[in-house]
Each structure stands twice: as structure tokens, then as C-alpha cells.
Amino acid sequence: MNRIARSTNMSLSAPSLMRHKTLSLGIAAALLIAPGVQARDAAANEVAADAVPRTETATELGSVTVSARKREERQIDVPIAMSAITGEQIDAFGISNVAEIIAMTPGAGSVDNGGGFTQVQIRGVSSSLGGNDNGYYLDDIPFTGVSVPWYPEARSWDIDRVEILKGPQGTLFGEGSMGGTVRILTRKPDFNEFNGAVEVSASSTKDGSDGWGGKATVNIPLIEDRLAARVAVTDEKLSGWTDDNATGDEDINEQRVKTGRVKLRFAPVDQWTMDLAYWKYKSEAPGGGNGALDDLTTNSFYSNDDEWHTASFVSTYEFEGSQLFYSFADAELDYANDGMLNPTTTYLSNINLQVRTQELRWSSTGDRLVDWTMGYYLREAERNDSSQVGGAPPSSSTQTNDAYALFGEATVKLPDPRWAVTAGLRYFSDDVDAISVSTTRTSTLNATFDSWNPRVSLSYKPERDTTLYASAARGFRSGQLQPISSILLAEANGVDLPSTIRPDSITTYEVGAKSLFLDGSLLVEGALFYSDWKDVAVRVPITSTINGLTNSKGTENKGVELNVVYTPTASLMLQVGGAIIDATYVADVPGTPLNKGTDVYNVPRNSLSASAAYSWDIATDLRGVVRSGLVHDSARETALTAGTPGDAITMLDARIGLESDNGWSAFLYGENLTNEDGALNARTTLGVANRLRPRTYGVVFRYGF
């Protein structure tokens, strides 16, 4: 039979602004979903072992099991706007970088700077300052920046699913989850089946260099039903395509990326599971990132060396009707730059970020009139910086954050069980101790920032596969210290800067709906939202390339998101979706180009995509697959400090290949087939902006055992 499973949540409609494998919401693999955790994990591992999408009967749209509220639920039953893409879909789409998924989500977006650094915005919440403005989780472990948002790149190999939750998630996910939260959940070890997969790829970029990649994973049962290990590794060379117009060197922005992940799962008894994990990522981009002039050359760049790792321990114990969860994680990131900030100014920078977190959580399980979650969270973070810009004196800074939080949330079904009320509250306290030192001056900050962050929602289910909801939620970030180098340079140039930056907060109001029609073959979901983001930090130009920090009055973000997926048969899928976001600053910011009504940095007003996928039988165990996607973003108008708007971006991707029930698949793909070369974000005063990789063709072969 022809086989395209009906995707379980194909709200992947906004354009990918990354290195873009095919963005079609295509052949959605067999999504062997079971309601229990062990069943779902086993299914994911079985698919990984085959290394190709398994082909079963069509799966109902919206039925994927998620844990967006830290308990297991069908995606369509969760009364918040969210997207969830399974690992099977990621493999089928050919997505190479998890951050691409953010860019495919209505109301969200990302821009790939290259060199392992990504900008993320959700619902107009976008800044380059402070801790994370959007939450970011690797498995159940949070990774947050200190004084600058940080979203570590994660290659999309051996992934169980990625969840993108939209709107403030501070009640359950903590400080920084103001626009939303991204959760990257990897496949867990399988106790009882030895399996694995390998993938090799090669590509060629127009007017650029060649690329290649190798990936492998293996699952090793050690003690039946009790102990297993899982290992996943990748090694890739990403093609370069920018040229140095000063020296004539070509394709200078090649990037080498290596990753590794080891997971050990132990279940001493049926109710108790312990997981040890270690992630490592290393990126080397000696020729800089994806910034270039309109002719795809550059006259200044600096190397990017990015390395991070995280080690974690998670313990889960299942009681009758509840679950006790504990996690501990220790993460570290090193980021080094060396080169030219502009044609006349040298730039040297080293950043080290260490974050240690613990969380203890107790949650209800099963079907009940009152669902609840309560917990305690600790975070210890330290950031150390050293830098030198041009002939200015070198400077260094250190900031530590010691934070804790108490949180709880409950959902109560009303006498009419179609109605439910959810209410939650998180108390957050953060002790910040910072010092910034140059050769002549020192600046310090010693303060405690705290906040009460509530969330309340009302949901109504007129029938099983329809959810209507309205909600209000608050998010929060701590303040920070102004770097002493910025203060000194500002004084020399007659620019007034504050010594510290106040905390910022956001309140979001939302109404939304999700529903299945036509016997589950048509999914329609959408949301309207309004956000009041107060005191958001912005950059103040000091020179053409150096800036300082200040608080603005804030922004007003409002928008609409819509996604429609139609699967008339098990072999055909059609999708269209997008978002309109009006995110603007509410008042003039003295000393900056930001005025009342200026669009928020890095936020396109309109995003749209359409895609299609089709499969057909060639033999009893062989089928052909074709997928294609057309995506569009309006121009990002606002630069970090000063500059000119970016360009509207339209891009076409396609992928065609063969999938066999014997464990192998082979594909030809094309990225950026329209050879779009516009500016993804606003250009700097020098005319530099991030760009898409030019038209790229490639082949992928995958085999599972």
C-alpha cells in the first residue's frame, strides 16, 4: 500500500532560515505512538534502528504524546500554542540542525550566524542581551545564557522529538522563557534490542565548496529490562561560500562540526528509572560565519571556535498516581573569536559560561479530576569574559548568578468535564554578583532580583479532538552589569550609559483553537496573542561597530498564527501555514535609531509556507518519496544598532528518493533552489548581513540494522 502516515502535529510552517534541508512537511513516517513513556521510547528506537520511516497505516493528526506541561498528554489536548515534530519526521525532512525546526514554526524564527551561534525569536520576543529570552532545554536539562542569550547548536541526529512551546512558560520552565520554550528530547536507550544506524552524505554548493557528513548511532542492551546504553556521533564539514575581497581567498566560511552523545539507562525496579547522559559539541569556523555583503564577499571577519558539553543525571520514580522527578546537570560552553570587527578594527574575545542546575519535581499521573505539578529549582551560573577591541585597553568581566525557584501548577476539571481551569505560580529569586575590569576602572553589581510569575488558562473541549482555550501568563529576566569597556568608550564619545541594566518582564494574553475534521485527515490550529514586554534591554551605538546597553520602555507584540494540514490519503500530504506579528517598540529610545513604532530587532512581520509530499509503491518492499516546500519571510527591518533593513526571503527546497523496508534509504536533495541571496537580517552600517547558503545539491544514504 502507499504509505504516508498522517503527521501528528505538522505545524512546521514558517520558513527555515538556516542551512535548510528540505522544509516540506512531507512523508511523515510511521509515528508508532503509544500513550506510555516506555512504549513511545521503544517505538522511537525501533524506527531509529531501521533508519528509515516505518510504514504503517495513517496516524491521526494531532495525536503525538508531548510533555509540554511536564506530564504526558496528546498535543491536541494541551491548551497552549505549541509545535511538536518527531524524530521520524526530522529524518524524513532531512533537517540537519535542530534550530531549523524553530524557524519552521508559525510565530517563531531563527537566523543562523554560522560558527555554532544562532539567534532565536518567538512571538516577537527577540534580543541580543540579558539571559535567554526564550527557554532552551536539552532533554530535561535547561541551558541558559548569562548576560547574553545562548542557544547551543544541536545536530538533528537520533532525536525523539522537538517541542516548541509559545508564550511565557515561566511557571514550569523558569526565568527567560518569555517568548516560549524549546525542548530537544533525544532517544533513550532500549533495554532489549541491539540496533543502530549509519548515514553518509555529500553536497556541492553553487560558487562554493563541497560538504560531507557522517553519522552513526548504536543501542546496546546490557541487562535485560534493566540496563542499556546508547551512543550517537556526528562529523560534518559544512560548505563555505563567502570570499575574502581583500585577499581573494574563496569559500572562507567552511565549518567543521563534531558531536557526541552517550546515554546510560538503569531501572533497578520497574517503577524507578535513572538516566546518565553526556553531550559534547565542537565547531571550528576559522573563516567566520554566514555574514556577507550583497555580493557574498566580506572585507572583515573573525574566527568562531565554539565548544560546549553537558553532563546530567535524571531519576524518575513512579508511584501509584504520581511521579517523583530529580535532575542534576553541569554544562560548560567556551566561545572564542579572533579577527577583524571591521576593515580597520581588530577583535579578540573569549567567553566561558558554566551552568549547574538541579530540579526536584512531584507530579500527578493518570486520568484524574485534578492534575498537579510542584517543584523546587536551583541554578548556579558563572560567566567569564575577556576581550580587546582595536587599540582600546583590554577588559575582563565575571558574573555569577545564584538562583532558586519554587513553583506549582494545577489543572481542575469543572463539573462539566468539557471545561478545565489551569492555574500556576512560580517564585524566582536570583542573586547577581558581577564585576567588570579594565586597566583604569572597575564597575560592580551586587543585587537580588526576584519575581512572582503566574499563569492561568481556561480550556473547553466540545468534542474529543477539539480544544479551545484562553490564557494569560507572565515571564521575567534578571538585570545585569554594563561592561566597563562600554562605559569608558561611551564617555570618550559623549554617550551616556547606565551602569546597570534593569530586569525586564512580559505579560501575554492568548486565545487559540485546535481541531481535527474529516475523520482526522484535516488539522486546523491557530492562535491570537498580545504581549506587553516591559523594560527590554537594547543596544546604544557608541561607534560604527561598538555599542553599549540601556533599557527601553518596552515593546508591544501582537499577532496571529495559523496552520492547516490535510492528508486526503495515506500517500499524500498538503500543508499551508504562517504568522503575522506586529512587534514594535512603544517609545523612542534616546541615542539609538529605535523610535516609537520601530519593529523589534530580528522579527519579520509576515511568514508563510506551503508544502506537499507524496509516496508511491515501486515494489512490495520499496517505495518512492518526493517532498517539496516553498517558504517566505518578509524583511527583518531593524538592525542591532544602526543599519538598513534586510530583504524579503523566498526559498524552495526539494527532496526525492527511495525507502526500503530492508533498512536502507537514499535521497537526492536541493536546498535554496531559487538561489536566494538576500539579507536575512538587517544590514549593519557596513552592509553586512547573514545570508542563506547558495543553491546546494546533495545525496544522503542511510542504513539501519
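This report walks through the overall build of a predicted model, then stops at one loop.

## Fold and dimensions

Let's start with the secondary structure: the protein chain holds 41 strands, alongside five helices. Its C-alpha atoms fit a box of roughly 70 × 60 × 45 Å along the principal axes. The radius of gyration is 24 Å, which agrees with the value near 27 Å that a compact globule of 705 residues would have.

Sequence separation is a handy thing to check next. Of the contacts between residues at least 6 apart in sequence, 68% link residues at least 24 apart.

## Burial, surface and charge

How much of the protein chain is buried? Of its 705 residues, 61% are buried. As for the surface, the protein chain exposes about 24400 Å², and 58% of that area comes from carbon and sulfur atoms.

If you are thinking about electrostatics, the chain carries 88 negative and 60 positive side chains. The centres of these two sets lie 3 Å apart.

## A loop worth a look

Between strand S28 (504-517) and strand S29 (522-534) runs a loop that contains Leu518. Asp519 lies in the loop between S28 and S29 too.

Which backbone angle stands out here? Leu518 has a positive phi of about 55°, although it is not a glycine. Asp519, also not a glycine, has a positive phi of about 60°.

Are these side chains buried or exposed? Leu518 counts as exposed because its relative accessibility is 53%, where the cut-off is over 50%. Asp519 is exposed as well, with a relative accessible area of 81%.

How values were computed:
Residues are numbered from 1 along each chain as its sequence is written. This is a predicted model: local features need pLDDT of at least 70, side-chain atom pairs count only at pLDDT 80 or more; totals for chains, interfaces and linings use all residues. Side-chain values use heavy atoms; hydrogens and water are left out. Helices (H or I, at least four residues) and strands (E, at least two) are DSSP runs, numbered from the N terminus. The radius of gyration is taken over C-alpha atoms; the globule rule is 2.2 Å times the number of residues to the power 0.38. Buried means under 20% relative accessible area, exposed over 50%, partly exposed in between (1.4 Å probe, protein chains only). Contact means heavy atoms within 4.5 Å. Accessible areas come from the Shrake-Rupley method with a 1.4 Å probe; for residues, only the protein chains shown count as cover. Lys and Arg count as positive and Asp and Glu as negative; His and the chain ends are not counted. The place of a charge is taken as NZ of Lys, CZ of Arg, CG of Asp or CD of Glu.
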